[in-house]
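This report introduces a sheet and the helices that pack on it. Please view the sequence and the structure before reading on.

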Amino acid sequence: MFSHGPGKRFVRLAVWLSWPIIRAAKKWSALPVLKWIINPFFSRPFNEVTSVPISVDLSLPASVPLPRNIVERLVGKIDDKFILDECICRTHNRVTGEARRIGCIALGPAIRRLHPSHGRRATTEEAIAHIRRAGEMGLIANIAHVWIDPLAFMLSFKDLMFICFCDDVNCIYRTHMQKRGPNLDTAYKKLPGITVAVVPEKCDGCERCVDACFVTAIRMSGGKAVIGEDCKGCGRCVEICPAQAITLKLDDEEKLLAQLEDRIREVADIPGIASQA
């Protein structure tokens, strides 16, 4: 019995082999006939991703929580934390620079079998510092329970989850989502309690948000941007709007954290959040 899963070289090879298959499946997941074959692979509990906009500066009073606080408090509840020393997606796409070294944080008892070539066990303080570093670089936190992760690392699925720090060009979760099938659409969930809206009188109709939305949830109406129901709450449009016409509002921090924990609890068994308080 091996004490660890496969090392970094094996995982890189596995990602290289599976990447074109996953990309094609996402693109074809809405096509007639094919969608009935492909969509089961994107169904719960095998795929669930929730965005938390850790890089959005709300510019609000100190009494208003930043979305990043929720992620930091979440990792503080979990004892088993492992920081990967590189982003698998950006490494696969041969991205250079600091962003490549912002790897995922793996959480849960399954990380005890992660091969040490992937990174290191981390304290809560180290994990929080990593999250803040990702936020400063404009990355989006995706809290993911997805079958491809335990398959690549050969780990248990039930007691494992990842926090991935994603960009808009390289991330396997965020790319090729414009024409998606129904299961893929529902697998990528908006965190309840986050509201993204346009202030019409500020919008100058530049359409930057329309072009940037990874799920095409923004449209133009009467020369103004409108946020649709498919919005995943990632906050990217808030960051890039030159007129500051898009706002992101949060419910009470305790409520948001509880909702996120409930969502994780439904699909994974992670000590610290696995049982009701």
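Two strands pair if DSSP finds at least two bridges between them. Helices (H or I, at least four residues) and strands (E, at least two) are DSSP runs, numbered from the N terminus. The model is predicted: local features need pLDDT of at least 70, side-chain atom pairs count only at pLDDT 80 or more, and totals for chains, interfaces and linings use all residues. Residues are numbered from 1 along each chain as its sequence is written, and side-chain values use heavy atoms, with hydrogens and water left out.

Seven strands form an open sheet with mixed pairing, in the order β4-β2-β3-β6-β5-β1-β7. Its edge strands, β4 and β7, each pair on one side only. Three antiparallel bridges join β2 (residues 81–84) to β4; phenylalanine 82 has arginine 121 of β4 as its bridge partner.

Two helices touch the sheet as follows, where contact means heavy atoms within 4.5 Å and angles, from 0 to 180 degrees, are taken between N-to-C directions of lines fitted to C-alpha atoms, for helices over the stretch in contact.

| Helix | Strands | Angle |
|---|---|---|
| α5 (residues 124–136) | β2, β3, β4, β6 | about 40° to β2 |
| α10 | β1, β5, β6, β7 | about 165° to β1 |

The 15 residues of α10 (residues 253–267) should span 21 Å at 1.5 Å a residue (times one less than the number of residues), and the end C-alpha atoms are 22 Å apart, which agrees. Among its buried residues (under 20% relative accessible area, 1.4 Å probe, protein chains only) are Leu256, Leu260 and Val267.

Histidine 145 lies in β5 (residues 140–146) and is buried, at 4% relative accessible area. Its side chain reaches the backbone oxygen of valine 267 at 3.1 Å.

Note on methods: Buried means under 20% relative accessible area, exposed over 50%, partly exposed in between (1.4 Å probe, protein chains only). A polar contact is a pair of N or O atoms within 3.5 Å; within protein, one must be able to donate a hydrogen and the other to accept it, and residues adjacent in sequence count only if both atoms are side-chain atoms.
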